[in-house]
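Grab a viewer and work through these exercises with the structure open beside you. Each task comes with a worked solution.

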Amino acid sequence: MTRFWQTCTSLTTASRGWLIAQQPRLREIVGGATFIRPRPAKRNNGFASTLPFRHHPATTMFPMKLIQFIKTISAVLALAFAGPAVAKDSKTLDVYWVDVEGGGGTLIVTPAGESILIDTGMPGGRDPGRLHEAATQVAGVKQIDHLIVTHFHIDHFGGAAELSEKMPIKNVWDNGIPERDPDGRANSNFLLRIKPYRNMKVGKRHVIQPGTELPLRQADGTAKLRVRCVAAMQKFVPVPKETQRNPLTDKVKWVAEDTTDNANSVAVIVELGGFRFWDGGDLTQNTEARLVTPHNRVGTVDVYQVNHHGLDFSNNPIFIQSLEPTVSVMNNGVTKGCGASSFAAVKSAKVRAMYQLHKNLRADIENNATDEFIANLTRDCDAHHIHMSVAPNGQKYTISIPDKGHSRTYKTRTK
Ligand SMILES: [Zn+2]
């Protein structure tokens, strides 16, 4: 995520400093209804008197300061005339993949304006801060209506308690807090790590089950919205009626059973009309295969969030081929995820576009999408996010990397 003043790349350090100082005011101007118009000058400065520049009169500035001032005011006006950066003015379904550097942090805003956050990144300030900023300054929501924690690994539940101190979390959905290390390790500090999550103040806690549907408001005039859990604790929704045997069943290569909590991940399908998006946390290969063979309980999807950040414990090729996604989005880190077999599995499903939050900077540099589809190319990054906006009728969706100017529209698949 780029803070808005970081988007003003032409600004000098001093101007950036000034913008940071003015941030609350700017947010009010940009996010609210206030529309700034440059009015004819009474004095010689030519700028609207509504702007908070009284302490900074242009007429008394030195030339360099004046240049900075002009750059600053240009940036302010550009932001103002660009329209609201925050308010949700259309009935789209929006998904933001927030860069939590190889953790989970997928923020969804429904056409009715409700917010669902799937996983919360790591504790320690950075990830809760990025999630809070994405929610309030990019997505324009004031609270998290539903938090889904897919499983009890620190890169998924870790940021929740800090986030709950920054903004209200109304409902928490998880597998139920384990009483001992969910990976079965005897010497584990899990009980210490989970304490803030256990003690955080939230509206209501729920144990999610396969078949659970979030109680969401429908917006007028849009396709039907549905967020449904299809797997949790290695239990699944029933096979839909009249589902044929999956022809890929006999091709599954079973691997050693995963005894970690990854296999227990909550998986959800987000639907708007015919559009379908998969977020399966860190589900691992055998559980993935059981979900789609011998009968595919999930069906096909349009957008596949690559399981487990693209690590090779996950992303069974038969699973992805059965889901037949058009687009994949990987929430990987600089050296985490983007595994060779995961990458090959996604490719084997013949997706049209592969997005990544980060470029894989390990030696196996070949396991990368093309740069255009990667939000962050360098180790020291500005945490750019990936955004998806699904049309209110669910028939098409646009995926963009706003900070790079990348934007592409895809048609929802016909089943
Ligand atoms: Zn993870």
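**Warm-up: the whole chain**

The protein chain carries 12 helices and 17 strands, and the model is a predicted one.

**Exercise 1.** Work out what share of the chain's residues count as buried, and what share of its contacts are long-range.

*Solution.* Start with burial: 45% of the 415 residues count as buried. Next, take contacts between residues at least 6 apart in sequence; 69% of these join residues at least 24 apart.

**Exercise 2.** Trace the open sheet: in what order do its eight strands lie, and which are the edge strands?

*Solution.* Walking across the sheet, you meet S8-S7-S9-S10-S11-S12-S13-S14, with mixed pairing. Now look for strands that pair on one side only: these are strand S8 (235-236) and strand S14 (374-376), the edge strands.

**Exercise 3.** Zoom in on strands S12 and S13: how many bridges join them, and do they run parallel or antiparallel?

*Solution.* Strand S12 covers residues 327-330 and strand S13 covers residues 353-358. Four bridges link the two, and they run parallel. For a concrete pair, pick Val 329: its bridge partner in S13 is Tyr 355.

**Exercise 4.** Explain why helix H10 (residues 285-292) is largely enclosed by the rest of the structure.

*Solution.* First list the buried residues of H10: Gln 285, Asn 286, Thr 287, Glu 288, Ala 289, Leu 291 and Val 292. That is seven of the eight residues in the helix, so H10 is largely enclosed by the rest of the structure. Finally, find the packing partners: the buried residues of H10 pack against strand S7 (225-232), S8 and helix H11 (317-323).

Methods
Residues are numbered from 1 along each chain as its sequence is written. This is a predicted model: local features need pLDDT of at least 70, side-chain atom pairs count only at pLDDT 80 or more; totals for chains, interfaces and linings use all residues. Two strands pair if DSSP finds at least two bridges between them. A residue is buried if 20 or more other C-beta atoms lie within 10 Å of its own, exposed if 12 or fewer, and partly exposed in between; C-beta atoms are placed from the backbone. Two residues are in contact if their C-beta atoms, placed from the backbone, lie within 7 Å.
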